[in-house]
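Visitor: I'd like to learn how to read a structure like this one, feature by feature. Can we walk through the strands and then the ligand site?

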Amino acid sequence: MQEYSDQYIGGEWRPTLAAESIAVLNPATEQVIASVPAGGAEDVDAAVRAARAAARAWGATSREERLAPLTRLRDGLAARQQEMAETVVAELGSPIGFATAVQAGLPLGVAGSYLDILAGYEFEERVGTSTVFAEPAGVVAAITPWNYPLHQIVAKVVPALAAGCTVVLKPAEDTPLVARLFAQLVHEAGFPAGVFNLVTGRGPDAGAALAAHPGVDLVSFTGSTAVGRRIAEVAGRGIKRVALELGGKSANVVLPGADLTRAVNVNVANVVANSGQTCSAWTRLLVHEDQYEEAVAIAAKAAGKYVPGDPTESSTGLGPVVNAKQRERVRGYITGALAEGARLVVGGAEAPEGLAQGYYVRPTVLADVTPDMAVAQEEVFGPVLSILAYRDEEHALEIANGTEYGLAGSVWAADDETAAAFARRMDTGQVHINGGRFNPLAPFGGYKKSGVGRELGRHGLEEFLQTKSLQF
Ligand code: ADP
């Protein structure tokens, strides 16, 4: 077991100023695999000072001077993709196939996309008698969760560095090891000291100290809506900018005339991926009442194919959830839904057979779910699909828009035009049309309580810029 006692600050690994540490558990074995410092306000302060000290020089670099180390960072992510994937398997429990393709593969694509975006971005424009400059926002606090631990780091840190910002990263308690690996790659890429800093620690300590630090100009946060609200309050007091990627309760709406079998099969795969720990997962399947039982039968068959098991095996499609607390939470939503009158189609709250160890949850399909049930309103973050019936298109739209969230969604119809027309009426930031694939260049972010701001692509870069105009 590795016991780390350092933080990456000012271009070097420095001994932590914190006395305590955080144990990192493997959710499949429940064994402690490492420990990292539980950094507090002192480590955060040292990191913010280092970022502040580096901000002016890094902010004044040319596009080419930023592209060179960013390219080396992208190359490092490519060279170490396997190691990154294995680390995510160990600390999060993602199955190795998914971890390689998505957990480690997606960040590689995102990092690459920012090389192109930075190479072509217009940082200067003429508006009448003015020249308008896009300048870096300054020192960025990046606070990230554990569900896509490397992706969420890359989706913040890479565009921030590309914009000319300096960064202090506070990764999630459950997944600090991939964050340490990322810091190592940043180091090897040869960024100037202080441009990127890493402080591991607990949310209420290191996270809160970072969000409140007067040396931070912008807080970019991904996580729960409850914590996002607190961060926005704290940041608001300091007139800091915030970018918030929060929860979701996304609807997959299958309109009459759509390919029902495909729509339901894709939905089950979507909700089971990463053990359901995806903020944009389509956790509510909305089908017309005439097709309801047919949809339930298709979902039951599809979900039955996912057998929870060892995430290190390449044949495994469903691993554990991240920790014991999360498992209890998911189980609570399942029993709660049944108590409220939902019908258990497959799965359930009991531990899967033959898995005495590990934080496993059965893939679960719930039918007869009504919009007022907690499972239809709140984020479950487990492999649980709720199927709801609608009477007509207006009713479907009312249900789809009837939560406090608005992060993602999906619409299936006989043709793309019909699906797109429906999607335009949904109060949500992203919608997949008839199975359209995830696009890492498309802006990602929420309407309503799902967040503020957008990540990925050009929109993601612009989160880290501020404008200055000179009048001639
Ligand atoms: P999740 O539900 O994904 O665990 P959280 O919102 O609890 O999401 O955590 C996301 C990130 O926010 C983590 O890095 C966590 O440490 C951090 N965090 C938690 N509480 C706070 C807080 N009060 N202030 C700042 N950051 C926090």
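Guide: Happy to. Strand E2 (residues 6–9) and strand E3 (residues 12–15) make an antiparallel pair with four bridges. Keep in mind that this is a predicted model.

Visitor: Which residue stands opposite Glu12 of E3?

Guide: Ile9 does. Go to that pair first, then follow the chain through the turn. The hairpin of E2 and E3 has two residues between its strands, and Gly10 has a positive phi near 60 degrees there.

Visitor: What order do the strands take in the open sheet?

Guide: For strand order, the general idea is that two strands count as paired if there are at least two bridges between them. Here the open sheet has three strands in the order E1-E5-E4, and its pairing is mixed. Strand E1 (2–3) and strand E4 (21–25) are the edge strands, each with pairing on one side only.

Visitor: How many bridges join E4 to E5?

Guide: Five, between E4 and strand E5 (residues 32–37), and the two run antiparallel. To find the register on screen, take Leu25 and look across to its bridge partner in E5, Val32.

Visitor: On to the ligand. Where does the ligand sit?

Guide: In the largest pocket. The next thing to read is the shell, and a residue belongs there if one of its heavy atoms lies within 4 Å of the ligand. There are 17 residues around the ligand, and the nearest are Thr144, Trp146, Lys170, Glu173 and Ser224.

Visitor: How do the residues of that shell divide into nonpolar, polar and charged?

Guide: Nine are nonpolar, six polar and two charged.

Visitor: Which elements each supply at least two residues of the shell?

Guide: Helix H8 (203–212), strand E11 (218–222) and helix H9 (225–237). H8 gives the most, with three residues.

Visitor: And polar contacts with the ligand, how do I read those?

Guide: Look for pairs of N or O atoms within 3.5 Å. Glu173 has a side-chain N or O atom 2.7 Å from an oxygen atom of the ligand. For Ser224, a polar side-chain atom is 2.7 Å from a ligand oxygen atom. With Gly203 the backbone takes part: one of its N or O atoms lies 3.2 Å from an oxygen atom of the ligand.

Visitor: What share of the ligand's accessible area does the protein cover?

Guide: The ligand on its own has 550 Å² of accessible area, and the protein covers 82% of that.

Note on methods: Residues are numbered from 1 along each chain as its sequence is written. This is a predicted model: local features need pLDDT of at least 70, side-chain atom pairs count only at pLDDT 80 or more; totals for chains, interfaces and linings use all residues. Side-chain values use heavy atoms; hydrogens and water are left out. A polar contact is a pair of N or O atoms within 3.5 Å; within protein, one must be able to donate a hydrogen and the other to accept it, and residues adjacent in sequence count only if both atoms are side-chain atoms. Accessible areas come from the Shrake-Rupley method with a 1.4 Å probe; for residues, only the protein chains shown count as cover. On a 1 Å grid over the protein atoms alone, a cavity is a set of points where a 1.4 Å probe fits but cannot get out, and a pocket is an open set with protein on both sides within 12 Å along at least five of seven lines; lining residues have an atom within 4 Å of a point. A molecule sits in a cavity or pocket if more than half of its atoms lie within 2 Å of its grid points. Ala, Val, Leu, Ile, Met, Phe, Trp, Tyr, Cys and Pro count as nonpolar, Asp, Glu, Lys and Arg as charged, and the others, Gly among them, as polar.
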